[in-house]
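Me: I'd like a close look at one part of this protein rather than a tour of the whole thing. Could you take me through it in plain bench language?

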Amino acid sequence: MFRSAQMLLAHSLLIHTNTSEWLNAVCEQDTDGEELRKEAHRHPEYCRILKSFLDFPDSSFSVHAMIRTGHAPAGKWMGPHTATHVLQALLSPPLSSARTAEAGAGEGLACLVAQDQVVYVDAADAACGGPNLRSPHLTPGSSSSSSSSSSSTEGDTPAPATVFDPLHNPPPSSASDLLPWSQALLLLVPMRLGMSTVASQYHGSLLEQLRDRACVGLLGGRPNRAVYVVGCSTEGDTLLGLDPHVPLEHRAAEMAHGLPPSAELLSRMHSTDVELLPVGALDSSLALGFYFRTRKEVCSCVPVDRII
């Protein structure tokens, strides 16, 4: 599950830094990594992302860093729920501050783990640096300066600020445009959908979530065997997964010393071997991932609670 979590985070960072489109185009035609090596120097963010996952103690998202979060002790089995909290810890202060100063990988990306499959927009606002709708806000068109000047000249009491309440006084539909985020959001939703494998009544809703454009994959796999599910077929119930158990020779010393990645290293980091997995064989314990650049995208996303 360590490697599956790294895969999901790496995929999210590629989208976050706008490097996924050119990377997909190059990888479709590149078989030995040589063309990718030529293009890599033009995309410094891509090289920073690769370096942040190298298995060295000072790498931002290495196995060493994941263990240092305290959620996943070395030698212990880690499930999808634990993996979501490891990723949240890696992208949250104070670890994120050290990461940003060190390499810059993942800067501007926050992480939120949904509790009990419920996503609170207020929590997303807090994670991404946006104001809280439950705190007092002036109505559009008003200002504190005008109120204070009016009270000083006429002696009137300033009008009370408008307080938005989700039940009694919900914010206007355009409020999402007035609440900019300072960071994008990686939303992780751990859940259990059955006893040992995903129950049949959840198959359709789960496939719908995986086809959503905001979805960055699923942490799960077969019982007792982790797989990073990157998506699903356009028709049918077949999941597309990457096996994190393929052993690779450690040849990343050049990047650790500041050198550009070699063609051999790049060819090893991008796999074309996709594992086909029926949705009915998926372990019931899993976690969905979603990437959102703005608050508006969260509010317009397919509701996660349609699964449960």
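Which residue in β2 does Cys111 stand opposite? And what surrounds strand β1 (residues 109-113)?

Reply: Cys111 sits across from Leu186 in β2. Before going further, a word on ground rules: this is a predicted model, where local features need pLDDT of at least 70 and side-chain atom pairs count only at pLDDT 80 or more, while totals for chains, interfaces and linings use all residues. Residues are numbered from 1 along each chain as its sequence is written, and side-chain values use heavy atoms, with hydrogens and water left out.

Start with the strand itself. Helices and strands here are DSSP runs numbered from the N terminus (H or I and at least four residues for a helix, E and at least two for a strand). Five of the five residues of β1 are buried, so the strand is largely enclosed by the rest of the structure. "Buried" means under 20% relative accessible area, "exposed" means over 50%, and "partly exposed" is in between, using a 1.4 Å probe and protein chains only. Cover comes from both sides: Leu109, Cys111 and Val113 are buried on one face, and Ala110 and Leu112 on the other.

Next, the partner strand. β1 and β2 (residues 184-197) run parallel and are joined by five bridges. Besides the Cys111 and Leu186 match, Leu112 has Leu187 in β2 as its bridge partner. Two strands count as paired if DSSP finds at least two bridges between them.

Zoom out to the sheet. It is an open one of seven strands with mixed pairing, in the order β1-β2-β7-β3-β4-β5-β6. β1 and β6 (275-278) are the edge strands, each pairing on one side only. On average, neighbouring strands in this sheet are turned by 30 degrees against each other, direction ignored. Axes for such angles are lines fitted to C-alpha atoms (for helices, over the stretch in contact), and the angles run from 0 to 180 degrees between N-to-C directions.

Then there's helix α8 (residues 121-128), which lies across β1 and β2 and runs at about 150 degrees to β1. Its buried residues are Asp122, Ala124, Asp125 and Cys128. Looking down the axis of α8, they fall within an arc of 160 degrees, so they line one face of the helix; the arc is that of the directions from the helix axis to the C-beta atoms. In an α-helix there are 3.6 residues a turn, so residues three or four places apart point the same way. The buried residues of α8 pack against β1, β2 and α13 (295-299), where a contact means heavy atoms within 4.5 Å.

How does the loop between β1 and α8 look? It holds Asp116 and Gln117. Asp116 has a positive phi of about 60 degrees although it is not a glycine, and Gln117 also has a positive phi, near 60 degrees. Most residues other than glycine have a negative phi. Asp116 is exposed, at 64% relative accessible area, whereas Gln117 is partly exposed, at 22%. Just after α8, Gly129 takes a positive phi of about 85 degrees.

Back to Leu186, because Leu186 is one of the residues that Ser12 touches; Val216 and Tyr291 are the others, not counting residues up to four places away in sequence. Ser12 belongs to helix α1 (residues 2-16) and is buried, at 0% relative accessibility. As for Leu187, its C-alpha is 9.8 Å from that of Ala214, with the two positions 27 residues apart in sequence. Ala214 lies in the loop between α10 (203-210) and β3 (215-222) and is buried at 12%. Ala214 is in contact with Gly289, Phe290, Tyr291 and Phe292, leaving aside neighbours within four places in sequence.

Since you may be wondering about cysteines: the count of disulfides is zero, a disulfide being a pair of cysteine sulfur atoms within 2.5 Å. For instance, the sulfur of Cys215 is 8.5 Å from the closest cysteine sulfur, in Cys232, too far for a bond. Cys215 is buried, at 11% relative accessibility.

For the wider setting, the chain has 13 helices and seven strands, and 44% of its 308 residues count as buried. Among contacts between residues at least 6 apart in sequence, 71% join residues at least 24 apart.
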